[in-house]
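Work through the two exercises below with the structure open beside you, and try each task before you read its solution.

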Amino acid sequence: MGAHIIDGKACATSIEASLKPRVEQLITDGCNPHLAVIIVGDDPASHVYVRAKERACDRLGIKSTKVLLPGDIDFQQVVDQVILMNKDPTIHGILVQSPLPIGMDEVVITDLISPLKDVDGFHASNLGKLVQGDSSGLLPCTPAGVMEMLGWADVSLSGKRAVVIGRSRIVGMPQALLLSQKGADATVTIVHSRTQNPEEICKEADILIAAVGVPEMVTSSWIKPGAVVIDVGVNRVEDNSKEKGYRLAGDVHDEVSEIASAISPVPGGVGPMTIAMLMSNTVRAAELQNQ
Ligand code: NAP
């Protein structure tokens with residue numbers, strides 16, 4: 001029997017529904033939640049992601065503003081744009097779309113954003129609060145979305161063995177922290193590019209989160225029968241049978257659904273949840289700034 005599909009789209013829809021009355025309340029109180037997005041350069045995928053974020057804002061009545069800056073712009077002008085938005089009381093969330101052009105330091109830009117407006121949750125202050133188990137900060141959207149999906153699918157984490165493949169600042173590392181924090185209480189192992197025997201380690205996981213960026217790397221021999229698998233990966237794989245010449249693949253091979261008890265699909269899994277959590281952070285940021 002195939003694994004239960006953890007429907008990220010349905011989970012995201014239910015999160016959006018719960019945000020709607022909060023947006024309406026803010027607007028009644030005279031505060032129109034407002035997300036500002038900066039894109040530097042012309043990365044086509046960035047435009048696709050930002051359009052999806054704008055559409056989510058439209059669905060919820062959140063105002064969105066997009067600032068497009070040329071890829072060869074002076075770094076100082078990007079800095080100035082962020083500072084301007086920090087000072088603008090009508091903007092509640094600021095997001096600088098990744099990737100920035102080569103030579104522009106994303107961490108420098110992230111740490112310039114006011115932590116209260118850091119709706120990506122990547123500011124050192126917000127990540128520091130996560131390390132401290134302080135829930136007052138804004139959480140990184142993708143790992144927070146994974147936690148919501150696990151809750152939605154009724155997956156019990158306490159005392160369970162979780163393995164996260166990947167240790168990036170924006171997904172793997174905060175994911176490991178969220179799974180192991182008090183209240184979630186999983187026992188977490190991080191697998192990365194220097195890990196020896198990753199397959200054996202993953203095979204011990206009750207919950208496996210793949211955030212690698214290597215298409216279909218995780219095959220059924222990596223999976224403990226009955227494990228819950230969340231596939232964060234979004235990879236373009238050449239496929240000439242498709243109109244665009246490529247298809248989207250996760251980090252987990254389809255065959256895993258024969259072994260796992262539950263699995264998130266790509267697309268339609270973590271992707272919509274990341275956007276839902278961005279909306280959630282924007283609403284929360286507006287509420288905090290409107291107190
Ligand atoms: P990243 O910054 O490139 O990090 C990848 C991580 O995977 C690194 O920690 C790396 O280890 C590890 N890794 C690479 N090759 C490995 C291997 N063969 N075995 C074990 N570990 C390996 O990527 P990211 O930003 O975290 O994103 C990961 C994936 O998630 C990508 O496919 C990305 O597109 C996707 N993503 C999806 C969403 C969404 O909303 N669905 C959001 C964000 C990211 P080292 O640290 O040792 O280099």
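## Exercise 1: The shell around the ligand

In this predicted model, helix α9, which spans residues 270-289, gives the most to the shell around the ligand, contributing three residues.

**Task.** Find out how many residues surround the ligand and which are the closest, and then describe the polar side-chain atoms that lie by its oxygen atoms.

**Solution.** Begin with the count: the ligand is surrounded by 20 residues, and the closest are Arg167, Ser168, Ser193, Val232 and Thr274. Next, sort the shell by class, which gives nine nonpolar residues, ten polar ones and one charged. Then look at single atoms: Ser168 places a polar side-chain atom 2.5 Å from an oxygen atom of the ligand, Ser193 likewise has a polar side-chain atom 2.5 Å from a ligand oxygen atom, and for Thr274 the distance is 2.8 Å. Finally, turn to the surface: the ligand taken alone exposes 930 Å², of which the protein buries 68%.

## Exercise 2: A pair of helices

**Task.** Describe how the axes of helix α6 and helix α7 cross, and state which residues meet in the contact.

**Solution.** Two packed helices are described by the angle and the distance between their axes. Here the axes of α6 (residues 141-152) and α7 (residues 172-180) come within 8 Å and cross at roughly 40°, and the crossing is right-handed. From α6, the residues Thr142, Pro143, Ala144, Val146, Met147 and Leu150 take part, and they meet Pro174, Gln175, Leu178 and Leu179 of α7. Sorted by class, the residues of this contact comprise eight nonpolar, two polar and no charged.

Terms used. Residues numbered from 1 in each chain as written. Predicted model: local features only at pLDDT ≥ 70, side-chain atom pairs only at ≥ 80, totals over all residues. Heavy atoms only, no water. Axes fitted to C-alpha atoms, helices over the stretch in contact; angles between N-to-C directions. Helix = DSSP H or I, 4+ residues; strand = E, 2+ residues; numbered from the N terminus. Left-handed = near helix turned anticlockwise from the far one by under 90°. Contact = heavy atoms within 4.5 Å. Nonpolar A, V, L, I, M, F, W, Y, C, P; charged D, E, K, R; others polar. Near = heavy atom within 4 Å. Polar contact = N/O pair within 3.5 Å; in protein donor to acceptor, adjacent residues only side chain to side chain. Areas by Shrake-Rupley, 256 points an atom, 1.4 Å probe, with all protein chains shown as cover.
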